[in-house]
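This report goes through one protein chain, moving from its aromatic pairs to its overall layout, its nonpolar cores and a few single residues. Please keep the sequence and the coordinates at hand while reading.

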Amino acid sequence: MAAEPSSSASSSSSSDLRIIVERNPSESRLSQLDIKSWPKWGCSPGKYQLKFDAEETCYLLKGRVKAYYPKGSSEYVEFGAGDLVTIPRGLTCTWDVSLAVDKHYKFESSSSSSS
């Protein structure tokens with residue numbers, strides 16, 4: 001008998017969405033993703049309420065962030081310079097930026113990429 005997954009794929013509430021942090025990815029991984037061709041974005045220290053309408057992958061060149069999951073949860077994930085971070089589509093979270101962020105980023109388009 002096959003094991004059933006513990007969470008239902010059909011009901012993906014924002015509480016199921018998790019940020020994935022890949023610490024210190026290798027140079028070959030970064031080059032495979034062609035990160036240096038991605039646009040850059042930065043922000044100064046502070047708190048930012050963010051909603052991700054598309055999946056974002058970003059590579060932090062500098063900075064430090066605690067990303068708090070939606071209200072009612074005291075959970076957070078921390079990441080900073082040198083981390084490759086994947087943020088799922090549909091997640092709303094609060095970024096508490098302690099050190100100014102400078103990052104390369106890319107959004108995954110759910111529609112056809114005919115740009």
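How many aromatic pairs does the count come to? In this predicted model, the count comes to five aromatic pairs. Two of these pairs are set out in the table below, with the distance between ring centres and the angle between ring planes.

| Pair | Centre to centre | Angle of planes | Description |
|---|---|---|---|
| Tyr68 and Tyr76 | 5.1 Å | 45 degrees | tilted |
| Tyr105 and Phe107 | 5.5 Å | 65 degrees | edge-to-face |

The angle decides the wording: the planes of Tyr68 and Tyr76 stand at 45 degrees, so this pair is tilted, as an angle over 60 degrees would be needed for edge-to-face. Tyr68 is partly exposed, with a relative accessible area of 27%, and Tyr76 is likewise partly exposed, at 40%. Phe107, a member of the edge-to-face pair, has a relative accessibility of 46% and therefore counts as partly exposed, since exposed would require over 50%. Elsewhere, ring pairs join Trp41, Phe52, Phe79 and Trp95 into a cluster. A charged side chain also meets a ring, for Arg18 lies over the face of Tyr69, at 4.2 Å from the ring centre.

As for the overall layout, the chain has one helix and seven strands, which follow one another from the N terminus in the order β-α-β-β-β-β-β-β. Of its 115 residues, 31% count as buried, while the chain exposes about 7400 Å², of which carbon and sulfur atoms supply 50%. Among contacts with a separation of 6 or more, 80% are between residues that stand 24 or more positions apart.

Which residues have the most contacts inside the largest nonpolar core? They are Ile19, Phe79, Ile87 and Trp95, in a core of 19 residues. Two or more residues each are given to this core by strand E4 (55–68), strand E5 (76–80), E6 and strand E7 (92–108), and the largest share, five residues, comes from E7. Phe79 and Trp95 are thus named both among the core residues with the most contacts and in the cluster of ring pairs. Ile87, leaving aside its neighbours within four places in sequence, is in contact with Ile19, Phe52, Ala54, Glu55, Glu56, Cys58 and Trp95. Apart from this core lies another, of five residues, among them Leu30, Ile35, Tyr59 and Leu84.

Asp83 belongs to strand E6 (residues 83–87). Is Asp83 buried or exposed? With a relative accessible area of 4%, Asp83 falls under the 20% limit and is therefore buried. Its side chain makes a polar contact of 2.8 Å with the side chain of Arg23, and a polar atom of the same side chain lies 2.9 Å from the backbone nitrogen of Gly80. Beyond its neighbours within four places in sequence, Asp83 is in contact with Val21, Glu22, Arg23, Asn24, Cys58, Tyr59 and Leu60; Arg23 is thus both a contact of Asp83 and its partner in the polar contact.

Leu91 is found in the loop between E6 and E7, and its relative accessible area of 0% is why it counts as buried. The C-alpha atom of Leu91 is separated by 8.1 Å from that of Leu50, although the two residues are 41 residues apart along the chain.

Conventions:
Residues are numbered from 1 along each chain as its sequence is written. This is a predicted model: local features need pLDDT of at least 70, side-chain atom pairs count only at pLDDT 80 or more; totals for chains, interfaces and linings use all residues. Side-chain values use heavy atoms; hydrogens and water are left out. Helices (H or I, at least four residues) and strands (E, at least two) are DSSP runs, numbered from the N terminus. Buried means under 20% relative accessible area, exposed over 50%, partly exposed in between (1.4 Å probe, protein chains only). Contact means heavy atoms within 4.5 Å. Accessible areas come from the Shrake-Rupley method with a 1.4 Å probe; for residues, only the protein chains shown count as cover. A polar contact is a pair of N or O atoms within 3.5 Å; within protein, one must be able to donate a hydrogen and the other to accept it, and residues adjacent in sequence count only if both atoms are side-chain atoms. Rings of Phe, Tyr and Trp (its six-membered ring) pair if their centres lie within 6.5 Å; planes under 30 degrees apart count as stacked, over 60 as edge-to-face and the rest as tilted. A charge sits over a ring if NZ of Lys or CZ of Arg is within 6 Å of the ring centre and within 35 degrees of the ring normal. A nonpolar core is a set of buried Ala, Val, Leu, Ile, Met, Phe, Trp, Tyr and Cys residues joined through side-chain atoms within 4.5 Å.
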